[in-house]
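User: I am new to this structure and would like a close look at a single part. Please keep the sentences short, and then work outward to the surroundings.

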Amino acid sequence: MEHMVLYGPFYELIPLQGLHTHGAIADEKIERIRNAGIVVENGIIKDIGDFSLLSKMYENAHRPPSNDKPRVVLPSFIDCHTHMCWAGTRVDDYAARVAGKSYLEIAAAGGGIMTTVNATRKANEEELIAGIIDRANEHLRRGISIIEVKSGYGLTVDDELKMLRAIKAANQETAALLIPTFLGAHIKPKDFDGNNAQYLSMLLERVIPIIQKEELAHRADIFVEEGAFTMDEAKWYVTELKKLGFHITMHVDQFHSGGGILANELGCVSADHLEYTNENGIAAFANSSTVAVALPGASLGLGMQFSPARALLDAGASLAIASDWNPGSAPMGDLVTQAAILGASEKLTVAETLAAITTRAAAALGFDGGTIEIGKKAQFNIFETNDFRDICYRQGQLKPIASVIENTFINHE
Ligand code: NIG
Ligand code: FE
């Protein structure tokens with residue numbers, strides 16, 4: 001009994017369970033359980049339902065103190081695409097961009113991603129760990145408790161491994177769950193002596209075996225773009241990694257279209273960015289097992305168009321939204337604000353926006369989650385409001401007052 005906790009009473013509980021995986025979602029599809037409670041035993045949801053009924057059924061359960069303000073409980077948010085392991089700053093890039101230079105121009109001149117690579121190579125593992133923990137804790141205060149984190153600012157054997165080891169170590173020191181992704185194929189670094197194909201071969205021959213041995217990641221990513229990798233290079237590299245059992249995600253269609261179709265053809269778990277995805281690209285996502293991931297933080301950071309989220313949903317795609325948190329294109333990091341802004345701009349229902357940062361973000365990471373459901377791990381946020389739609393309406397300014405992550409209760413007040 002010691003580990004059994006009864007949370008509530010909640011004005012409403014939004015389980016987000018049983019939502020369809022693809023296409024548009026009307027807000028009426030959202031189940032709203034009134035006067036609800038949640039029973040958690042050893043970190044697993046044992047029961048949900050009417051609070052007074054649950055208090056009789058589980059009368060010995062521990063009850064955390066509550067007041068009489070209305071509260072809404074929802075699944076924890078999931079950020080399925082971040083680069084939050086980095087050192088240094090890119091404020092100079094920002095200033096250059098707002099003064100008129102483009103992201104690709106800055107990169108071609110040797111700045112951009114290479115600036116962060118140089119700073120990250122100089123940092124030691126402890127410094128990287130500290131940065132990840134700070135950012136993960138910032139995400140926890142926003143209600144985000146499952147966070148994908150990419151490597152990709154090391155771009156040598158040792159520096160890529162340093163990043164992945166730092167992510168693994170940071171995961172032990174934060175209540176958030178960090179899911180690592182190998183992005184050695186971010187760009188070919190300026191100081192690599194060889195062509196793109198030789199660089200990708202080096203990753204496959206020298207980095208991947210160590211990643212597998214130390215179990216540092218089972219996901220890998222590649223950036224398909226001018227100045228990064230071509231579609232043909234990606235096709236070969238991804239095919240090799242798939243043979244080894246890696247789950248693949250790709251950075252595609254950020255400034256040019258075509259990569260989104262390739263990601264679907266290659267059976268990637270997700271295809272991310274999509275600012276330049278055209279009609280053919282959109283059609284490729286219809287009922288596809290490849291989740292389309294919009295990154296509004298990159299559109300806001302670079303001052304460019306949003307991904308065609310509405311058209312993707314109407315075509316029958318599974319749409320997730322992630323922060324892309326990184327020092328270059330997406331320094332803001334606030335996923336909930338970004339999702340709400342994308343929703344307002346692209347006309348996404350509240351249900352579509354919330355699914356995109358819960359159930360569909362879980363799908364983008366290859367697992368079934370993002371719900372409050374009996375038998376599943378307890379992962380939920382408590383907000384002081386009487387209407388779950390306030391989370392989108394307030395555009396990220398309504399923060400959770402508390403979060404539950406399995407056995408951990410985090411009071412944010
Ligand atoms: O998702 N586009 C490529 N990679 C990152 C940005 C990395 C950076 O600018 O540091 C992105 O936008
Ligand atoms: Fe990214």
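Is H273 buried or exposed, and what is its relative accessible area? Please start there and go on to the sheet around it.

Analyst: A word of caution comes first: this is a predicted model. H273 is buried, because its relative accessible area is 2%, and buried means under 20%. H273 sits in strand 10, which covers residues 270-273. Its backbone is also worth a look. Phi of H273 is near 105°, a positive value in a residue other than glycine. Most residues other than glycine have a negative phi.

Now the strand itself. Strand 10 pairs with strand 11, residues 291-294. The two pair in the parallel sense, over four bridges. One position shows the match: A271 stands opposite A292 in strand 11.

Helix 7, residues 196-214, packs on the sheet. This helix touches strand 7 (177-185) and strand 8 (219-223). The direction of helix 7 makes about 150° with that of strand 7.

Next, the whole sheet. Strand 10 belongs to an open sheet of eight strands. The order is 5-6-7-8-9-10-11-12, with parallel pairing. Strand 5 (77-79) and strand 12 (319-321) stand at the edges. Each has a single partner strand, so one side of each is left without a neighbour in the sheet. Neighbouring strands of this sheet are turned by 25° against each other on average, direction ignored.

Strand 8 deserves a stop. Five of its five residues are buried, so strand 8 is largely enclosed by the rest of the structure. Its side chains split into two sets. R219, D221 and F223 point one way from the strand. A220 and I222 point the other way. Strand 8 runs parallel to strand 7, and two bridges join them. Here A185 stands opposite I222.

Strand 6 (144-150) is another member of the order. Just ahead of it is a loop, between helix 5 (125-141) and strand 6, and R142 lies there. R142 counts as buried, because its relative accessibility is 10%. Leaving out residues up to four places away in sequence, R142 touches F77, W325, M332, G333, D334, V336 and P400. R142 and Y11 are 131 residues apart in sequence. In space they are 21 Å apart, C-alpha to C-alpha.

A second arginine makes a useful companion. R121 is in helix 4, residues 113-122. R121 is buried too, with a relative accessible area of 19%. That value passes because the cut-off for buried is under 20%. Residues up to four places away in sequence aside, R121 touches M114, Y153, G154, L155, T156, D159, K162, P189 and D191.

There is another sheet to compare. Seven strands form an open sheet in the order 3-2-1-4-13-14-15. The pairing there is mixed, whereas the eight-strand sheet has parallel pairing. The edge strands are strand 3 (44-50) and strand 15 (408-411), and each pairs on one side only. Neighbouring strands of the seven-strand sheet are turned by 30° against each other on average, direction ignored.

One pair in this sheet is antiparallel. Strand 14, residues 402-405, pairs with strand 15 over four bridges in the antiparallel sense. Within that pair, S403 has I410 in strand 15 as its bridge partner. Strands of a sheet pair through backbone hydrogen bonds, either parallel or antiparallel.

Strand 1, residues 4-13, holds P9. The peptide bond from G8 to P9 is cis, with omega near 0°. Most peptide bonds are trans. After strand 1 comes a loop that leads to strand 2 (33-41), and L16 is in it. Like H273, L16 carries a positive phi: near 55° for L16, and near 105° for H273. L16 is buried, with a relative accessible area of 4%.

The surface gives a contrast. V98 is in helix 2, residues 91-98. V98 is exposed, because its relative accessible area is 58%, and exposed means over 50%. V98 forms a nonpolar patch on the surface with V91 and Y94. Together the three have about 300 Å² of accessible area.

Back to the starting point. H273 is buried at 2%, in a strand that pairs in the parallel sense with strand 11.

Note on methods: Residues numbered from 1 in each chain as written. Chains lettered and ligands numbered in written order. Predicted model: local features only at pLDDT ≥ 70, side-chain atom pairs only at ≥ 80, totals over all residues. Heavy atoms only, no water. Buried < 20%, exposed > 50% of the residue type's maximum accessible area, 1.4 Å probe, protein only. Contact = heavy atoms within 4.5 Å. Pairing = 2+ DSSP bridges. Axes fitted to C-alpha atoms, helices over the stretch in contact; angles between N-to-C directions. Patch = residues over 30% accessible without salt bridge, like charges linked within 9 Å, V, L, I, M, F, W, Y side chains within 5 Å. Areas by Shrake-Rupley, 256 points an atom, 1.4 Å probe, with all protein chains shown as cover. Salt bridge = Lys/Arg side-chain N within 4 Å of Asp/Glu carboxyl O.
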